[in-house]
Amino acid sequence: MEAGSELNVLIAEKVMKWKRIEREQPENRGFAMTTLDLTHWITSTGSALFFLPAFSVNISDAWEVVEEMEKNEFHFFIESCKPIYSWWAQFVPHNGDDEINSEAPTAPLAICRCALKVALKSSRE
C-alpha cells in the first residue's frame, strides 16, 4: 500500500484505535446552500481531531504510531538501507512471538506498513 489518505485512515482505525465520526451539515450562505464536512476522529484518550495526521508521510506523525505500538508491548527498530535508499522497520512483540518487518522508500511509510501488518495479524488471531 502506498503512502496517502487511505493508509492514514487504516492506521487511525486499526493501529491507533481511533473512531471516525462522519457528519455533514448543510449551510445556507444566502445565495447558495453548501455542505460542511464535519468528519472528525475520537482518539483513544477521548480527544477530538478535525484532521487526520499524515502518518504515512510525516515522520513526527509516524512516530505517534511507534509510541502507540510501544504502549502495546512492542519493541521497535528502524534502519536505513543503503545504497538502495530504502527504510526497513520492525516491530518485535515483548512476548517473544515472531517479529513483523516492512520495507519502504521512506521511514514513515515503512513504519506504517509494518504497524498495519501487526494490527491485521492481531485481528486474525
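Residues 24 or more positions apart supply 37% of the protein's contacts with a separation of 6 or more. The model is predicted. It holds three helices and eight strands. In sequence order they run α-β-β-β-β-β-α-β-β-β-α.

**Burial and surface**

- The protein has 125 residues, and 35% of them are buried.
- About 7,800 Å² of the protein is exposed.
- Carbon and sulfur atoms supply 52% of that exposed area.

**The largest nonpolar core**

- This core has 28 residues.
- The residues with the most contacts inside the core are Ile11, Val15, Met16, Phe55, Val65, Met69 and Phe91.
- Three helices each give at least two residues to the core: H1 (5-15), H2 and H3 (107-124).
- Strands S6 (74-81), S7 (86-93) and S8 (100-104) also supply at least two residues each.
- Helix H3 contributes the most to this core, with nine residues.
- Ile11 touches Met16, Phe55, Val65, Cys112 and Leu116, leaving aside neighbours within four places in sequence.

**Asp61 in helix H2**

- Asp61 sits in helix H2, which spans residues 59-71.
- Is Asp61 buried or exposed? Its relative accessibility is 15%, and buried means under 20%, so Asp61 counts as buried.
- Not counting residues up to four places away in sequence, Asp61 touches Pro53, Ala54 and Phe55.
- With Ala54 there is a polar contact: the Asp61 side chain reaches the backbone nitrogen of Ala54 at 3.0 Å.
- Phe55 links two of these topics, as a contact of Asp61 and as one of the core residues with the most contacts.
- Pro108 lies 47 residues from Asp61 in sequence, yet their C-alpha atoms are 8.1 Å apart in space.

**Strands S7 and S8**

- S7 and S8 pair in the antiparallel sense, over five bridges.
- Trp88 has Glu103 of S8 as its bridge partner.
- The hairpin of S7 and S8 has six residues between the strands.
- Gly96, in this hairpin, takes a positive phi near 90 degrees.
- Which residues form the covered face of S8? They are Ile100, Ser102 and Ala104.
- The uncovered face of S8 consists of Asn101 and Glu103.
- Glu103 is thus placed twice: on the uncovered face of S8 and in the bridge with Trp88.

Note on methods
Residues numbered from 1 in each chain as written. Predicted model: local features only at pLDDT ≥ 70, side-chain atom pairs only at ≥ 80, totals over all residues. Heavy atoms only, no water. Helix = DSSP H or I, 4+ residues; strand = E, 2+ residues; numbered from the N terminus. Buried < 20%, exposed > 50% of the residue type's maximum accessible area, 1.4 Å probe, protein only. Contact = heavy atoms within 4.5 Å. Areas by Shrake-Rupley, 256 points an atom, 1.4 Å probe, with all protein chains shown as cover. Polar contact = N/O pair within 3.5 Å; in protein donor to acceptor, adjacent residues only side chain to side chain. Core = buried A, V, L, I, M, F, W, Y, C linked by side-chain atoms within 4.5 Å. Pairing = 2+ DSSP bridges.
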